[in-house]
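Here are some notes to read with the model open beside you. Take them one at a time, and find each residue on the screen as you go.

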Amino acid sequence: MDISWRREDGADLVLTLHVQPGAKRTEIQGVHDGALKVRLAAPPMDGKANQALLRFLAEAFGVGLRAVTLEHGQSARHKVVRIAVPVKRPDRQWMAELS
């Protein structure tokens, strides 16, 4: 099972993502080149896709928007996101579903 798309850093969780903006709906799609693929129902303009991604992850992990930080990939499809002290852990379910 390839779980290179997630790692724990103390109490934080760091995710490597491949983001596809402009999709019909926002969802986890699988793994793409070692990154968790996320489809976003937001256009890739004016930072709308990045904001939609951060909101999606904040809700999924049960944290406030300030707890989700885009560390790398501001204007790229390949992104690294840090979630500070996640309350919920849907990544564990995603790992089971994707294995």
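**Notes on the predicted model**

1. Let's begin with a residue on the outside: D33 is exposed, because its relative accessible area is 72%, and the cut-off for exposed is over 50%. Keep in mind that this is a predicted model. D33 sits in the loop that joins strand 3 (27–32) to strand 4. Its phi is positive, near 50°, and D33 is not a glycine. Most residues other than glycine have a negative phi.

2. Now go to D46, in the loop between strand 4 and helix 1. Is D46 buried or exposed? D46 is exposed, with a relative accessible area of 72%. Its phi is positive too, at about 55°, although D46 is not a glycine.

3. Helix 1 covers residues 48–61, and its length can be checked with a little arithmetic. The helix has 14 residues, and at 1.5 Å a residue it should span 20 Å. The C-alpha atoms at its two ends are 20 Å apart, so the expected span and the model agree. Just after the helix comes G62, with a positive phi near 70°.

4. Which residues of helix 1 are buried? They are A49, N50, A52, L53, L54, L57, A58 and F61. As you look at how they are spaced, remember that an α-helix has 3.6 residues a turn, so residues three or four places apart point the same way. The buried residues of helix 1 pack against strand 2 (12–20), strand 4 (35–39), strand 5 (68–72), strand 6 (78–83) and helix 2 (90–98).

5. F61 deserves a closer look. This residue of helix 1 counts as buried because its relative accessibility is 0%, and buried means under 20%. Leaving out residues up to four places away in sequence, F61 touches L13, L15, I83, P86, V87, K88, R89, P90, D91 and W94. Take I83 from that list: F61 and I83 are 22 residues apart in sequence, and their C-alpha atoms are 7.9 Å apart in space.

6. Next, the nonpolar core. The largest one has 22 residues, and those with the most contacts inside it are L15, L17, L53, L57, V68 and V81. Strand 2, strand 4, helix 1, strand 5, strand 6 and helix 2 each give two or more residues to this core. Which element gives the largest share? Helix 1 does, with six residues.

7. V68 is a good place to see those contacts one by one. Not counting residues up to four places away in sequence, V68 touches L54, L57, A58, V63, V81, R82 and I83. L54, L57 and A58 are among the buried residues of helix 1, so you can trace this packing from either side on your screen.

8. T16 and T69 make a useful pair to study. T16, in strand 2, is buried, because its relative accessible area is 18% and the cut-off is under 20%. T69, in strand 5, is partly exposed at 37%. Leaving aside neighbours within four places in sequence, T16 is in contact with S4, W5, A35, L36, H78, K79 and V80. With the same residues left out, T69 touches V80, V81 and R82. W5, a contact of T16, has its C-alpha atom 16 Å from that of T69, and 64 residues separate T69 and W5 along the chain.

9. R39 is in strand 4. What does R39 contact, once neighbours within four places in sequence are left aside? The contacts are Q20, A23, K24, R25, T26, E27 and Q29. R39 and A49 are ten residues apart along the chain, with 9.8 Å between their C-alpha atoms.

10. Last, the empty space. Rolling a probe the size of a water molecule over the atoms shows where empty space is left. The largest pocket has a volume of about 170 Å³. It is lined by 15 residues, and P44, A49, N50, Q74 and K79 are the closest to its centre. The lining divides into seven nonpolar, four polar and four charged residues. Helix 1 gives the most to this lining, with three residues.

Note on methods
Residues are numbered from 1 along each chain as its sequence is written. This is a predicted model: local features need pLDDT of at least 70, side-chain atom pairs count only at pLDDT 80 or more; totals for chains, interfaces and linings use all residues. Side-chain values use heavy atoms; hydrogens and water are left out. On a 1 Å grid over the protein atoms alone, a cavity is a set of points where a 1.4 Å probe fits but cannot get out, and a pocket is an open set with protein on both sides within 12 Å along at least five of seven lines; lining residues have an atom within 4 Å of a point. Grid points are joined across faces, edges and corners, and a volume is the space filled by probe spheres set on the points. Helices (H or I, at least four residues) and strands (E, at least two) are DSSP runs, numbered from the N terminus. Ala, Val, Leu, Ile, Met, Phe, Trp, Tyr, Cys and Pro count as nonpolar, Asp, Glu, Lys and Arg as charged, and the others, Gly among them, as polar. The expected span of a helix is 1.5 Å times one less than its number of residues. Buried means under 20% relative accessible area, exposed over 50%, partly exposed in between (1.4 Å probe, protein chains only). Contact means heavy atoms within 4.5 Å. A nonpolar core is a set of buried Ala, Val, Leu, Ile, Met, Phe, Trp, Tyr and Cys residues joined through side-chain atoms within 4.5 Å.
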